[in-house]
Amino acid sequence: MTAARFFRHETILAILTIVAMVVLASLSDKFFTADNLLNQGRLMAEVGLVSLAMTFVIVTGGIDLSVGSILGLTAILLGVFWKNVGLPLPAAMFLALACGTFAGWVNGFIITRFSVPPLIATLATLALYRGLAEGISEARSVRGYPEWFFFFGQGEVMGVPFQLWILGIATFVAAIILGLTPFGRATYAIGANEVAARFSGIRVNATKLWIYTGSGFCAALAAVIFVSRVTTTRSDMGTGLELDAITAVVLGGTSIFGGRGTIIGTALGLILIQALKNGLALSGVKGDGTIVVIGLVLIGAILVGALFDRNRGG
Amino acid sequence: MKKLTLAAIVGLGLMSGSALAASAWTGGDDQPTSPLACDATPAAAAAKPYDGGVPTNAPDRKGKKITVVDVPKLIGIGYFNATSKGIADAAKELGNVDAKTDGPTKANIDDQITFIDNYITSGVDGILFAANDPVAIAPVLKKALSKGINVVGYDANSTPDARQWFVNQAQFNGIAKALVDNMAKEAGEDAGVAIVTSTFTTPNQARWIAEMAAYAEKCHPKMKWLETVEAQEDNNLSFNQATTLINKYGDDLKGIFGMTSVATPASAEAVTQAGKCGKIAVVGLATPNAMKPYVAKDCVKSVVLWNPVDLGYAAMMVLRAVADGTLQPGATTVKAGKLGDLQVINGSEILLGAPYTFTKDNIGQFDF
Amino acid sequence: MTAAVLSPGRSNLHRFLSGYGQEIVVLLAIVALFVVVGATNHRFLSNTNINSIFAGNAYIAIAAIGMSMVIMAGHIDVSVGALIGVIATIAGTLAVSDYPIWVAWLVPILFAIMVNAGVGTLVAYTRIPSIVVTLGMLSILKGGLISATAGEWISNLPPEFMIAQMRPFGIPSAVWFMVALTILAALFLRYTDFGRSIYAVGGNMEAARAAGINPERTVIGVFALHGLFAGIAGILFATQLQVIQSTVPPNLELTIITASVIGGVSILGGTGTVIGSTLAAILFACIGSALIFLNVSAYWLRAVLGLMILATVLADMIRRRRDT
Amino acid sequence: MRTEQIGDAAAAGAGLPIELRGISKSFAGIRVVNDVSFDMRPGEVHALMGENGAGKSTLIKVMAGLYQPDEGQILVNGAVVRFPSPKDAHAAGIATVHQELLLFPELTVAENIFLGQTPKTSFGTIDWQTMRQRSRQLLDSLDSGDLDIDQKVAHLSVGNRQRIEIARALAQDARVLIMDEPTAALAEHDVQRLMSIVRNLRKRGVAIVYVSHRMPEIFALADRVTVLRDGHLVATKPITEVDEPSLVSMMVGRAIDRLYPAKQGTDGEVILELGGVSHRSVVRDISFKLRRGEILGLAGLVGSGRTETALTIFGITPATEGRILIDGKPVTIASPEAARDLGIAYVPEDRAHQGLIRPQSIEDNIALANLKRLTRGIFIDAARVAAEARNAITRFGIRARGPEQLVRQLSGGNQQKVVLGKWLATNPRILIMDEPTRGIDVGAKAEIHQLMRRLAGEGMAILMISSELPEVLGMSDRVLVMNGGRIVGEFDREHATAEAVGTVMTRSFDREQAA
């Protein structure tokens, strides 16, 4: 795979993102300020974390619709372990993260052990995990977290929001894993041809299990950051997160059929969507208008990519 | 082994979840309740010092043109259309306010926060909000205050220190009393009743249900609560849920409480389509327009609600007063245009008035 | 790969069971629910309750017919919920604007067909995956609807507009529609060239092309048909109650897709029946109703629903594994 | 069906069922078919030959209406026609049995036969009754009375699927039937059955375009032969005027040594030993020994358990009984990964599906089985991956632009070399090759045979599975014959004759027919 080939969609997307940034900056002088951009980074951390894992999932040709529900379940468990079970908050955080990761593992287990198509398996766990969150919490919120806990969602390190560091590091790590390690190669191979990957001695099921578990972990991590950011726990947290994440990943050029996609693309997709949401709002476009624009950009970007693909491919 | 441990943790989570204190009626929250007296005695208003927040370094906006954004829980439902209309009316009347409504399409805390955050950046002078979650919205509102923006809430409160004032449409215990009293009158003191609410996580609804349970226990002890069902803010789901309740309880069900402006008309529709008009009372919160057909057919006798247009109007007026500096902490009343003087309660809340009960006789006069 | 040739002597019963396995699983689940819940509370089996179970989800069943065809053709549509919201709003607006009632019924359906034919064209000729196109379409429809209506409710609908509330022969017309359209669609899929070509395109697109089928036209046709069903579902949805909300019904697309999938339509395309998806839509209504009847704590309702979906899926997988 | 055509055959000069004149077709500026003329007479078998990439497939697709020619004319019955879509070609009586068997797994046999041209009732709906009856008749006329017409195609064997495709062509009243490598995936007895079907069709007046690499079939069936090379027409000749060497040199443009390479060196010690290995009911009680430097042929019909045995040794379907010894030590092979780490390599029968990740590059494919070795720290060593790929390209003579070229752009033979390259890079000691030369043209085939012999000479133990009896007999030092999941015969090189091996292979072959 040549570099040119590899980065084709990403290049289009990067250009599109830059154009969007320039246009948005010219529409509102509030847009291109360090303050605003850092703040946007804070807001996109949760979707961002989930999208990174979702990239791996979609590259294997799968999908994970349950991430929003895992986020909700983890948030609720965090509150319940701390407030109702009475664990110290760090222990509660650790346990909640473990449970969220376990929820991801369950997805992977159902998918690999019973060969259930990922769409169906995670459609079922989407309902199941959200239901557990509602049942466990009985829809009660947990509030009153200690001040230090808010650091994860509201604090800053060297002037940059804490979760943006996490997102940045996670993006870097994910890009390296997907792009440069044997695990990444295995991920692409599974998405492009699962049987051939297996016949080449790739541990297909183990790889998939890791990826879905990782997806659960990312959603759980996002949950902790989210709870810390909004200072409360609710069972409806993260509703609809899966579609936002999938949109970012797909906009980033990852093929929904698997085998193709990059973390850089996903990052660009995320940035473009967040920039549009923010910039259009600052330029006076209302929320409903913004949704329409994002829909058009999604179709448009993929269309342009497909046309380029066709022209080159002959 | 690892699996077992994890499974055990999840199981533990489940059990501890069930251990949560349950309120008397499903769907209520676990905050303390303060039921009103059974007769019409008004509650003694305990004087409370101002507990709202203060914007830092707010510029002098007195008399100047200001831009205001209204971020309701969600857009696209009748109720918030009405409040939005009230806000627009007030802005027009004032003449020196540029107001617009923008918000999420789903009652989603995260989206709402993002909207407010964006408007803080864009540099508005005032923010009106109806919170999806009182605590979750607090950090972003505090941020607005710290940027010198005037913040006033309506319909659904935040924690007090995160905003300056909150326009309270009606106190929770007042609504609860009105609903339960009406139900007792229409369906009988010993009626079996069920509730159709939006979701159990919606704070206002949860509060009302808790207050209703407390008030019923105190003043209508024979009233029998059967069940609470969730129906989102979804017409058809509300209808289906109400229909199932009717089918399930048959003659044991004498009344349905509709806790949202969506659930109430849908419940009335379910009663109508089941041919149970007059046998099952529907009492609830709803806008008059949606309820007119059922009130006209005598299927629904009373609809409880404040006037949401007035609520929006009052919120805008309060914001203007705050911006002008005419409403200061410690005030006991505030002038709200055509609504006259509104009373300050609970330190930093402004009471719109007692909840209004629409009946066949007066419903025709309202159009929202 | 090798595969043993199956004998022509395999019994018809066996073939029937393997051909309609998932439908039978769903049907058994419905019957089991009726028996179990009916035994604990006889009102569950009352005429009115059965009527409401069937009528309440009829529009979901009808939309799931179209969705099933789309999935059989190897595609998916995540925008259908938004589309139904738009259709209901258009229908309501026309109905209160003094247009003849048939205009209020037909125009939105035509609109739905056109929108989805457009989606189909994009999917067929640009080869953009349908999930991407419809994800974008979901945003466009949702945002556009709110922009256009500002969420104003539509009420004072004329009574003759309320087609879903009519009760020919004492049975809600929504149920008539559901039954009739399911049978029609099943016959259509079995007895017309176009119907068979849906399976062919979903099963093996290149083979379909070689067999003289035009896969692009089939895909556009499937989406247009899906638009037709979504349109009818939207009209029933709009006329079920006296008010139209002018918003996108939450999570409707997931419910519809789940109905198709639980009904046995393979997400990989090429197989499935519309009878299954209709049964699955009825099953959901049954579960929703049964959980209330069984006094399952409302907090746990969704968890139980999720578990039941998972159980159905796993049962199907285990059945298939045993079958091969 | 169309019996009147037989009598007309001679008089059909102007009414040829299809004639191509001066056809050219380019893709992305490259001419893959250049000014080719070709015609078919009723009731003849016309072999179309050429190496992969010679333009056969493109020419076939032009006839089938899948491609539009850039230049040239298509004539049917003397009239110029155009086939904008496959449907138009069907209407003109031209049907194709595709190499990749374009069937619909979830539809029934009857439907697959009639899809696109279903019989209708007077209401315009599909007449299932008639469709099933006619399917039955068609299959019976192809001696396939054993096929259940209501069965879903997904579960059928390759041979049965092919008969369905032929039945489909007949259902279209096809006057020209294009068969693209019909025997490539068939077991020996299915080949015989197919050949009798082809003769039967010829008798009915159907003109058959027969594309194949297999010389014996060509000489047994064809009336005329047309050879293409690099998109050009080399010649069209009656079969009587050519022999095997002349055909080969026409195809490759040079003479090729068609002899199988001779054994070099002697067998070494036993490296792999199976003792009573079984997997469920498909592999039963298999015992044999494989020595270093030996090529052990595994013959048998499709479904006899050959591939299944290989899959068990390779850990895809781990053994449920018995023991496997490597270097005399018992081992457990529970996954392909374990097999690889024990020095076993498997070149699978289905290249596109099992062997390669076609949308990826040569280097990506070669790295896939060697990720551990090509990793430094936690990172893949890109330089070493590229070096490894370049090494394979030179070592096996892979014709490619470079390590970054996508595998799907390569010809079949070169793709097979990539698979070999991938596995040889793991430094295996035991190489299992399943249908090593399936769908590969003669030139590349010889190269692969020579390579196998060289590897054996270097001490590699090779287990070869092949459906081509000449290949098994020509290459193997020893032949094991499988039937019904068991080893039913063993022959050394001298005693392995086509008759002897074939007899054992097919001894109780009624199993598949009756099953």
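Trainee: What makes strand S1 (residues 18-27) and strand S4 (residues 71-76) of chain D count as a pair?

Mentor: DSSP has to find at least two bridges between two strands, a strand being a DSSP run of E with at least two residues. Here S1(D) and S4(D) are joined over four bridges, in the antiparallel sense, so the condition for pairing is met. You can look for D:Leu20, whose bridge partner in S4(D) is D:Ile74. This is a predicted model, in which local features need pLDDT of at least 70 and side-chain atom pairs count only at pLDDT 80 or more, while totals for chains, interfaces and linings use all residues. Residues are numbered from 1 along each chain as its sequence is written, and chains are lettered from A and ligands numbered from 1 in the order in which they are written.

Trainee: Why are strand S2 (30-40) and strand S5 (79-81) of chain D called edge strands?

Mentor: In chain D four strands form an open sheet with antiparallel pairing, in the order S2-S1-S4-S5, and S2(D) and S5(D) each pair on one side only. From one strand to the next, the twist averages 30 degrees.

Trainee: How do you know whether helix H3 (residues 34-59) and helix H11 (residues 204-230) of chain A are roughly parallel or roughly antiparallel?

Mentor: Their axes, which are lines fitted to C-alpha atoms over the stretch in contact, come within 8 Å and cross at roughly 180 degrees. Since angles over 145 degrees count as roughly antiparallel, H3(A) is roughly antiparallel to H11(A). Contact requires C-beta atoms, placed from the backbone, within 7 Å, and among the residues that meet are A:Leu49 and A:Phe56 in H3(A) and A:Cys218 and A:Ile225 in H11(A). The contact of these helices divides into 16 nonpolar, two polar and one charged residue, where Ala, Val, Leu, Ile, Met, Phe, Trp, Tyr, Cys and Pro count as nonpolar, Asp, Glu, Lys and Arg as charged, and the others as polar.

Trainee: Which chains have the most contacts among the five pairs that touch?

Mentor: Chains A and C have the most, and their contact takes 37 residues from chain C and 37 residues from chain A. On the side of chain C, H7(C) gives the most, with 14 residues, and by class that side has 26 nonpolar, eight polar and three charged residues.

Trainee: How far apart are the closest C-alpha atoms of chain B and chain D?

Mentor: The closest C-alpha atoms of chain B and chain D lie 22 Å apart, and no contact joins these two chains.

Key. Axes fitted to C-alpha atoms, helices over the stretch in contact; angles between N-to-C directions. Parallel < 35°, antiparallel > 145°, perpendicular 65-115°, else oblique.
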